[in-house]
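Open the model in your viewer and keep the selection panel at hand. The tour goes from charged side chains to an enclosed space.

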Amino acid sequence: MSGMERLKMALHKFRILKQVKGAEELAQVIANDSVYTKSVLDDIWLRDGCWDVLFVEEKKKRSLWDEMTVQHFQAAAAYQRGDFTAAYKHRLAMCNSFLREFPNMSRWGVFALFVISNDLSDVAQHADRQQPPPFGDPHARKIEEATRTINQGFSLCMTDREPLLSKSRKWGTYHMANILFKLYLRLKAYNLCNSMIRAIKTSELPSLDRFPMGDQVTFRFHRGMLAFRGEKYSLAKDDLLFALEHCHRDAFRNKTRILLHLAPIMMMEGLMPASRLFRRYPPIKALYGNLAKAAKSGNLGQFDSLLREKEQQLAAIGTYTATEQVRKVAVRQLLYKVYLVESKATRIPFSLFRAGFAAAGIPNMELAEVECILADMVFGGYVKGYLAHDHGIAVLSKQTPFPPIRSLYASS
């Protein structure tokens, strides 16, 4: 049997899978590194000593599906040779051919779309590393072109008009959105992430809780991360908590990534991570352990010192601004300590609070600065009362002058 005959057998197999709507098997064999793809390429090489047969022009024009199949093997052959630029060229052509067929498919076709999209993204990144775009022209990157192509698949899923929901391509929407999230974030195209979220929100899709849990967790993680980046911490907390609670129990790396952003939100609300969590996730303890301890004890000087020390680490993962806001918790705890030392007096001179700041490692504060901090804490709801400027005292509420920090976020 010649290499051409082996290729024709492969073409026949792909045609059969399309006819019988073999979703699972098609998704397996169409992968760039699938066992079947490798076996076909190995057989052709064994018979012909090359892969030239993959590039022979047929006298009779191939069907679009056959053309897509050949492009798949061309891409896989180039990938095996390590020629990622050629592999990308063929994989992009293959993806475009598939997208032309995709509107004629129902739900069964989305599984192959997932594999094709992931492979296109992977090959594009390899190609960009192998042959970087011209200097100063980031838009020439193959990953950008690949992202636009993958977005077409997302749109074909989201806008499907199949009347029978069980057969609709809409069930692939969130999985495709998750693929795009990763690409948009790599490209720092945050505006496109938000546009995609808005498009999903206004589309006629089944509710998110009806989709596979893996799609739910990944989507809500990315949506939470975007909310975190926009300093919408209440929204971020809801999504990140869901992702943490429903993430696979053994997915240590994913849970650590979630906690790196969730921990400062919870600390802002006065909920310091438990020692059990620190034991289970050492990276969280290394980054936030001492900060949490300093904030809880009202040791403001130590908190400021630790924040300066960890500034670069926190900035690198995008949590510095959120962690900085935990300082208000440290200030609140310090003021509460002064309140307790003064036997819960409701009238406390600014000078005593200044002494408290000095004891906590913030010496030489002007009374005006102390008054400014107290005014900020009253305005933020951390302290109930008012300031008597002329008399230089803080008049605290007789009932719960220091309300629970979490109550400040209950309605947000």
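Is Glu67 buried, partly exposed or exposed? The model is a predicted one. Select Glu67: its relative accessibility is 29%, and since buried means under 20% and exposed over 50%, Glu67 counts as partly exposed.

Now add Arg62 to the selection. The side chains of Arg62 and Glu67 form a salt bridge, with 3.9 Å from N to O. Arg62 has a relative accessible area of 17%, so this residue is buried. The bridge thus joins a buried arginine to a partly exposed glutamate.

**Other salt bridges**

A search of the whole structure finds 14 salt bridges. Three further stops follow.

- Select Arg169 and Asp160. Their side chains meet in a salt bridge of 3.3 Å, N to O, and both residues are buried.
- Select Arg220 and Asp239. The closest N and O atoms of this salt bridge are 2.7 Å apart. The pair links distant parts of the chain, 19 residues apart: Arg220 belongs to helix α10 (residues 213-229) and Asp239 to helix α11 (residues 233-246). Both Arg220 and Asp239 are buried.
- Select Arg6, Asp43 and Arg47. Salt bridges link these residues in a network.

**A lysine without a partner**

Go to helix α7 (residues 142-158), where Lys142 is placed. Which side chain of opposite charge is nearest to Lys142? It is Asp128, 4.6 Å away. A salt bridge needs a nitrogen and a carboxyl oxygen within 4 Å, and Lys142, although buried, has none. To see what surrounds this lysine, show Thr85, Tyr88, Ala124, Ala127, Asp128 and Gln131: Lys142 touches each of them, leaving aside residues up to four places away in sequence.

**The cavity**

How many cavities of 30 Å³ or more does a search of the whole structure find? The search finds one. The space in the largest cavity is about 50 Å³.

Select α20 (367-379), β2 (385-388) and β3 (393-396); each supplies at least two residues of the lining of this largest cavity. Then show the lining itself as sticks: Phe353, Leu374, Val378, Val383, Gly385, Tyr386, Leu387, Ala394, Val395, Leu396 and Phe402. Colour these residues by type, and what does the lining divide into? Ten are nonpolar, one is polar and none is charged.

Key: Residues are numbered from 1 along each chain as its sequence is written. This is a predicted model: local features need pLDDT of at least 70, side-chain atom pairs count only at pLDDT 80 or more; totals for chains, interfaces and linings use all residues. Side-chain values use heavy atoms; hydrogens and water are left out. On a 1 Å grid over the protein atoms alone, a cavity is a set of points where a 1.4 Å probe fits but cannot get out, and a pocket is an open set with protein on both sides within 12 Å along at least five of seven lines; lining residues have an atom within 4 Å of a point. Grid points are joined across faces, edges and corners, and a volume is the space filled by probe spheres set on the points. Helices (H or I, at least four residues) and strands (E, at least two) are DSSP runs, numbered from the N terminus. Ala, Val, Leu, Ile, Met, Phe, Trp, Tyr, Cys and Pro count as nonpolar, Asp, Glu, Lys and Arg as charged, and the others, Gly among them, as polar. Buried means under 20% relative accessible area, exposed over 50%, partly exposed in between (1.4 Å probe, protein chains only). Lys and Arg count as positive and Asp and Glu as negative; His and the chain ends are not counted. Contact means heavy atoms within 4.5 Å.
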